[in-house]
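Reader: I've just opened this one and don't know my way around yet. Could you walk me through a few spots, one at a time?

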Amino acid sequence: MKTNKNVKVLSAFRHLSAMRPQDPPGPLTRGPTAQELLLPPSPAPTPKAEQRDPNPAAMAMERPVRLVLDASLLLDPVVSGGAGPHEAAPVPTLRPGAEALLRRLRHSNLGVAICHPEEMPTTVSGFLEMTANLYSFGYISLPAPTGNNLLNESVLEWSGSSCCFYATSRVDEDLFSELQSHNWRVIAVDNECGTKDSGVVNIGKLQELLITLSILIKKEMASSSVLMVGYAMKPSREEDFAKRGAFPLYPSENGLIFVPLSFELPLASQLKEVDIILHKMTDEIISIDPNCSISFPRGISFSAGMSEVIRFMEEHPDFCIVDPFKNISPLLDRLQIQEILVRLQELGSEGRPKLRAPHSLKVINFNGSELQKQLAEANLSFPLIVKPQVACGVADAHNMALVFQIEEFSNLSVPLPAILQEYIDHGSKIFKFYVIGDKVFHAVKNSMPNANLLKSSSGDEPLTFNSLKTLPVATKEQLLQNSVQDNKSLNIDVVEEAAKRLKESLGLTIFGFDVVVQEGSGDHVIVDLNYLPSFKEVPDSEAMPAFWDAIRQAYESKKGKVQT
Ligand SMILES: Nc1ncnc2c1ncn2[C@@H]1O[C@H](COP(=O)(O)OP(=O)(O)OP(=O)(O)O)[C@@H](O)[C@H]1O
Ligand SMILES: O=P(O)(O)O[C@H]1[C@H](O)[C@@H](O)[C@H](OP(=O)(O)O)[C@@H](OP(=O)(O)O)[C@H]1O
Ligand SMILES: [Mg+2]
Ligand SMILES: [Mg+2]
């Protein structure tokens with residue numbers, strides 16, 4: 001996980017929207033003028049409900065869709081099966097898969113509550129109440145059944161507001177029919193309940209609950225404009241997006257429902273239900289062959305799950321995927337990124353700063369004899385930043401070095417093949433641009449200082465680091481030194497033009513690129529290109545609507561192409 005702990009975010013956001021993927025690029029309309037503000041890194045905003053009301057049970061009542069999880073669904077039946085006469089009461093624990101379910105439901109924008117029969121032992125009910133509070137869920141104890149009074153007042157009250165689901169693993173036909181008589185949908189998990197026409201939805205595994213819910217919610221919405229997005233990415237990235245509200249199970253403002261694709265379940269049945277696949281394929285890479293030029297699928301081996309998604313796409317070329325594997329593939333290779341950026345260089349025009357790629361050279365080894373000659377031919381001089389040719393998807397893709405003289409190449413720990421890049425003195429300020437659909441945002445972040453400041457601390461050794469974890473960003477003193485120097489400012493027109501061209505040429509829905517402004521020349525140098533970055537510096541209030549619009553636009557653009 002990238003730690004921005006050393007990075008102070010100077011946030012300057014512009015919302016420069018005007019590009020529509022299927023239209024030829026028109027002039028971008030300007031959003032609000034950027035103000036450079038010194039802001040602490042914005043904390044991930046708490047989910048809406050917590051801002052509204054501290055009482056989880058009350059929160060659940062305000063949302064259009066509610067889900068009540070029976071204790072039997074969450075507790076590990078092995079442990080909570082009760083103790084023998086001479087045994088200590090078992091410690092209640094969650095069943096396998098329950099924690100992942102609760103984590104996803106927490107950010108699902110559904111009103112969720114946990115319920116249990118009133119007569120449950122306090123050790124267990126206390127555990128459930130603590131769990132409910134931990135996930136900001138409501139908490140309900142169902143009264144012992146007396147006559148036809150099976151439901152407590154909250155459950156009854158909710159029935160009137162809108163669409164309610166009750167998920168359970170225990171069979172209670174009376175409770176089910178009572179709930180159904182109040183328009184609740186009952187979902188029974190790993191317990192065949194009721195007959196087919198009893199209206200009870202039977203599913204085999206807990207992992208099926210979310211996609212079952214999303215199908216039922218989509219049906220309840222009864223609107224053809226509601227689309228279901230099945231996503232696949234590593235858990236930490238999913239959590240980063242989810243806690244920003246990116247993956248609602250209750251449709252987003254533009255009608256998207258998000259559901260995680262489970263590689264533990266048959267994929268075909270899940271993909272039958274979704275309209276769009278959203279993925280970060282590099283999270284599912286097992287290995288990349290560094291000695292072959294990456295051209296999807298050549299050179300890359302994927303997990304079994306992602307391989308199945310790839311096969312599905314080969315069989316369903318009209319299916320909407322964000323984004324197509326072949327469009328992403330060049331961004332796994334810093335040599336191909338360099339070639340893409342060099343093509344942008346025709347953009348330069350009189351009177352505007354030059355936009356360019358850093359001078360670069362690919363090497364397959366660090367042997368000094370040839371190197372000096374190769375550097376001269378590539379118009380490269382020290383210091384050089386050395387990056388693996390493989391740009392992401394494998395652990396060592398971000399192991400880099402700053403090299404000040406040729407002797408420092410011996411025993412250099414950067415993975416080969418490597419790309420040697422001109423190191424650009426840029427006053428330790430980097431502009432991270434994010435193209436999200438037809439919108440462009442950027443954030444200013446603290447970056448590596450000028451080489452002379454780094455040289456002094458490295459002696460005769462190369463400066464090795466990991467760009468995600470140990471990037472040698474400027475210290476406070478170095479930042480102050482920079483602030484007195486004349487930092488050339490960013491020319492937004494030039495970068496906007498580049499963003500437009502990149503969007504056209506890459507065919508990607510969401511991507512990021514890093515720009516530094518060279519001291520002295522003012523050249524705008526794009527040093528990095530990433531697909532589906534985290535754009536964590538962009539406020540959720542702007543980033544999330546843009547994220548959802550981008551996905552819907554990709555779908556509509558794909559459907560438009562299929563119909564023509
Ligand atoms: N050519 C360069 N000249 C000066 N500084 C550079 C150059 N290339 C990279 N940097 C600095 O090193 C950092 C990491 O480089 P880069 O962005 O290429 O790594 P990465 O692993 O691709 O990072 P990301 O997490 O953004 O994908 C940049 O954010 C910038 O601060
Ligand atoms: O995890 P791999 O496949 O190595 O790729 C990285 C990307 O290259 C980086 O651009 C991501 O950082 P940002 O999302 O902040 O750009 C970075 O995101 P992360 O730091 O949030 O994991 C990674 O996605
Ligand atoms: Mg970068
Ligand atoms: Mg990168």
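Reader: Is Ile286 buried or exposed?
Author: Keep in mind that this is a predicted model. Anything over 50% relative accessible area counts as exposed. Ile286 has a relative accessible area of 58%, so Ile286 is exposed.

Reader: Which residues is Ile286 in contact with, leaving aside its neighbours within four places in sequence?
Author: Start from its place, which is in strand β12 (residues 285-288). With those sequence neighbours set aside, the residues in contact with Ile286 are Ser301, Phe302 and Ser303.

Reader: How many Å apart in space are Ile286 and Gly393, C-alpha to C-alpha?
Author: Along the sequence, 107 residues separate Ile286 from Gly393. In space, going from C-alpha to C-alpha, the two are 8.4 Å apart.

Reader: What about Ser214, buried or exposed?
Author: You'll find Ser214 in helix α8 (residues 209-221). Buried means under 20% relative accessible area. Ser214 comes in at 0%, so Ser214 is buried.

Reader: Which backbone oxygen does the side chain of Ser214 reach?
Author: Leaving aside neighbours within four places in sequence, Ser214 is in contact with Met228, Leu249, Ile257 and Val259. Its side chain also reaches a backbone oxygen at 2.7 Å, and that oxygen belongs to Ile211.

Reader: Let's go to the metals. Which residues coordinate the magnesium ion (ligand 3)?
Author: The coordinating atoms here are OD atoms, at 2.0 to 2.1 Å from the ion. Both residues that supply them are buried. They are Asp514 and Asp528.

Reader: How many residues apart in sequence are the parts that this pair ties together?
Author: Asp514 sits in strand β23 (residues 510-517), while Asp528 sits in strand β24 (residues 524-531). The pair therefore ties together parts of the chain whose separation in sequence is 14 residues.

Reader: Which residue bridges the magnesium ion (ligand 4) and the magnesium ion (ligand 3)?
Author: Ligand 4 is coordinated by two OD entries from Asp528 and by OD1 of Asn530, at 2.0 to 2.6 Å. Asn530 is partly exposed, at 25% relative accessible area, whereas the bridging residue is buried, at 16%. The two ions lie 3.9 Å apart, and the bridge between them is Asp528.

Reader: And ligand 1: what share of its exposed area does the protein bury?
Author: A polar side-chain atom of Lys387 lies 2.7 Å from an oxygen atom of ligand 1, and a polar backbone atom of Glu422 is 3.0 Å from one of its nitrogen atoms. There's also an N or O atom in the side chain of Asp514, 3.1 Å from an oxygen atom of the ligand. Taken alone, ligand 1 exposes 610 Å², and the share buried by the protein is 95%.

Reader: Which element gives the largest share of the shell around ligand 1?
Author: There are 22 residues around ligand 1, and those that come nearest include His398, Ser447 and Asn530. Several elements give two or more residues to that shell, among them β17 (384-388) and β19 (418-422). The largest share is 3 residues, and it comes from β24.

Reader: Last one: which helix gives the most to the largest nonpolar core?
Author: That core has 123 residues, and Phe513 and Phe547 have the most contacts inside it. Leaving aside neighbours within four places in sequence, Phe547 is in contact with residues including Phe241, Leu278, Ile436 and Phe535. With 9 residues, the helix that gives the most to the core is α18 (residues 540-563).

Technical notes. Residues numbered from 1 in each chain as written. Chains lettered and ligands numbered in written order. Predicted model: local features only at pLDDT ≥ 70, side-chain atom pairs only at ≥ 80, totals over all residues. Heavy atoms only, no water. Donors = N, O, S within 2.8 Å, 3.2 Å for Na, K, Ca; no water. Helix = DSSP H or I, 4+ residues; strand = E, 2+ residues; numbered from the N terminus. Buried < 20%, exposed > 50% of the residue type's maximum accessible area, 1.4 Å probe, protein only. Core = buried A, V, L, I, M, F, W, Y, C linked by side-chain atoms within 4.5 Å. Contact = heavy atoms within 4.5 Å. Near = heavy atom within 4 Å. Polar contact = N/O pair within 3.5 Å; in protein donor to acceptor, adjacent residues only side chain to side chain. Areas by Shrake-Rupley, 256 points an atom, 1.4 Å probe, with all protein chains shown as cover.
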